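Please consider the chain shown here with its helices in view. The paragraphs that follow lead through helix packing, salt bridges and a patch on the surface.

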Amino acid sequence: MKKYIVAILAVLFAMNIKAQNDSALTIDSCFALAKANNANLKTSRLEIKRAQEVKAQTFTKFFPQVQGAAMGYSAYSPILRLTADDVSNVVIREVLKDIIELLEVFADFDGEISMLDKGSSVGVMVAQPVFTGFQILNGNRLAEVGIKAAELQSEVTEREVLENIESSYYLVLGLQQKVKTVETALAMLDTIDNTVNAALKAGLVTKNDALKVALEKNKLKAQQLQLNDGIFLASRLLCQQIGIEMPENGLVLDFDNENVNKKFEENTGFVRPEVRLLELQVEAEKLRRKMTVGATSPNLIIGGAAYYGNMISKTTRSNALLFISLRVPMTQWWETSHKLKEHDIKINQYEIDRQNLTEQMSIQEDQAYTNMIEAEALLHSDSAAYKMAAENYRVERLNYNAGLNTITDVLQANTILLQADNAITDRNITLISARRRYHDLTGK
């Protein structure tokens with residue numbers, strides 16, 4: 001029976017360990033959460049959709065434009081009234097009066113002709129641009145450039161967001177590692193404290209040694225409190241960046257030592273999105289220049305219209321017509337010449353910006369490579385320093401137990417060991433960040 005109980009406990013323990021590991025956040029899981037929840041990334045994706053809608057709007061200009069209209073009116077009194085007295089020719093006026101007299105007798109006519117009393121109509125017009133100086137075509141191309149620019153800007157935004165998340169992630173993780181280091185140091189001080197108390201009871205040391213140990217423990221506890229406060233604030237920032245609620249018991253992060261030596265897959269033909277954005281700016285400005293030229297070109301439109309109603313006469317009628325419209329700007333070239341010069345200046349500015357950015361990025365890439373190599377070298381140096389600090393602490397403890405040194409020497413060795421441990425934590429994080437930064441900038 002005992003064997004079964006032990007087996008069950010072992011299984012439950014293993015399941016608990018697995019559950020803890022499954023609930024732990026890795027850097028990759030944080031990236032995945034950010035891509036789904038981060039507000040900046042959501043906004044950048046909406047910007048792509050907005051650019052696509054602009055493209056769809058521009059595409060509709062290729063098709064005929066159809067307009068429908070309906071109108072009705074009812075005047076207080078007829079807008080147009082005519083009598084025989086309104087005719088200036090005497091002979092015709094007298095003839096009309098004779099006719100009106102007969103109509104008054106036989107047709108109940110009051111001697112007045114009125115028009116535009118009331119009426120209604122419906123109509124439709126179709127217009128198809130035939131030539132607009134290639135403005136529609138270039139506008140469509142400009143919208144396509146806008147989509148590409150939005151996609152590239154989304155890439156830049158994603159890289160910046162992931163860099164910030166990585167910084168926050170390793171800040172939390174580094175602080176958590178330092179808390180563990182402080183806890184280890186406190187445990188070592190507890191051991192030293194027991195040794196000192198035993199020596200104090202034996203009369204081998206003074207209370208001063210015990211006081212020094214107590215002061216060192218208080219200093220570490222204060223450091224522990226500061227670290228926990230820093231963990232809380234940094235954890236809240238990370239949760240906000242990846243779009244999750246802050247767990248009641250704090251974040252559980254998984255530090256994979258393999259990340260220190262992780263090799264990124266090389267991206268052949270990699271070009272920084274910032275460079276491609278500037279190239280698109282040049283392309284977009286050239287298209288705007290063409291559209292400015294197109295605005296001064298003759299515009300040819302053909303179309304047709306249909307009408308049904310009684311707007312003028314009381315009889316309802318229908319009609320249709322075809323039309324052709326040619327618009328030739330005559331006085332815009334003076335203004336247009338200055339607009340074209342403005343476009344040329346902008347294109348020149350973008351070319352200068354692209355060249356300047358290329359040079360700056362080359363420096364950034366060199367700096368990122370230098371930082372990565374430097375972090376690797378310093379990590380090896382810090383690892384060697386930690387081994388030396390650990391050995392120094394062991395020797396000082398042995399010497400203290402043998403009465404060959406003071407408690408101050410032991411406490412100083414403990415402080416040095418703590419600092420060496422923290423230095424390795426910082427250096428590991430620096431190296432991971434440096435390698436990712438170099439990959440993001442170069443694709444290597």
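Helix α5 passes helix α8 in a left-handed crossing. The structure is a predicted model, and the description below should be read accordingly. The axes of α5 and α8, the latter spanning residues 333-401, come within 12 Å and cross at roughly 10°. That angle makes α5 roughly parallel to α8, because angles under 35 degrees count as roughly parallel.

A further partner of α5 is helix α7. Here α5, which covers residues 135-201, packs against α7, residues 273-295, at an angle of about 160° and with the axes 9 Å apart. The result is that α5 runs roughly antiparallel to α7, because the cut-off for that description is an angle over 145 degrees. The crossing in which α5 passes α7 is left-handed.

Towards the beginning of the chain, another helix pair may be examined. Helix α2 is formed by residues 27-37 and packs with α3 at an angle of about 50°, the two axes being 6 Å apart. This places α2 oblique to α3. The crossing of α2 and α3 is right-handed.

The salt bridges add side-chain detail to this picture of helices. The model has 21 salt bridges in its count. One of them joins the side chains of K55 and E144, with an N to O distance of 3.9 Å. This pair links distant parts of the chain, since K55 belongs to helix α3 and E144 to helix α5, 89 residues apart. K55 counts as buried, because its relative accessibility is 18% and the limit for a buried residue is under 20%. E144, at 36% relative accessibility, counts as partly exposed.

Helices α5 and α7, whose packing was described above, are also joined by a salt bridge. The side chains of E155 and R276 meet at 3.2 Å, N to O. E155 lies in helix α5 and R276 in helix α7, so this salt bridge ties together parts that are 121 residues apart in sequence. E155 is partly exposed, with a relative accessible area of 39%. R276 likewise counts as partly exposed, at 31% relative accessibility.

A further salt bridge involving α5 is formed by the side chains of D193 and K217, at 3.7 Å from N to O. D193 is in helix α5 and K217 is in helix α6, which comprises residues 207-242; the two residues are 24 residues apart and the pair links distant parts of the chain. Both D193 and K217 are buried. Salt bridges also occur as a network, in which R159, R272, E274 and E365 are linked.

Two further residue pairs show how positions separated in sequence are placed in space. T292 is found in helix α7, and T292 is buried, with a relative accessible area of 13%. T292 and H343 are 51 residues apart in sequence, while their C-alpha atoms are 9.2 Å apart in space. The other pair begins with L300, whose place is in strand β5, residues 299-309. L300 is partly exposed, with a relative accessible area of 24%. Between L300 and S325 there is a separation of 25 residues in sequence and of 5.7 Å in space, C-alpha to C-alpha.

The surface remains to be considered. Which residues make the nonpolar surface patch of about 830 Å²? The patch is made by F59, F62, F63, V130, F131, F134, L137, I302 and I324. Of these residues, F63 has its place in the loop between α3 (39-59) and β1 (65-74). F63 is partly exposed, with a relative accessible area of 44%; this value allows F63 to be part of the patch, because patches are made of residues with over 30% relative accessible area.

Technical notes:
Residues numbered from 1 in each chain as written. Predicted model: local features only at pLDDT ≥ 70, side-chain atom pairs only at ≥ 80, totals over all residues. Heavy atoms only, no water. Patch = residues over 30% accessible without salt bridge, like charges linked within 9 Å, V, L, I, M, F, W, Y side chains within 5 Å. Areas by Shrake-Rupley, 256 points an atom, 1.4 Å probe, with all protein chains shown as cover. Salt bridge = Lys/Arg side-chain N within 4 Å of Asp/Glu carboxyl O. Helix = DSSP H or I, 4+ residues; strand = E, 2+ residues; numbered from the N terminus. Buried < 20%, exposed > 50% of the residue type's maximum accessible area, 1.4 Å probe, protein only. Axes fitted to C-alpha atoms, helices over the stretch in contact; angles between N-to-C directions. Parallel < 35°, antiparallel > 145°, perpendicular 65-115°, else oblique. Left-handed = near helix turned anticlockwise from the far one by under 90°.
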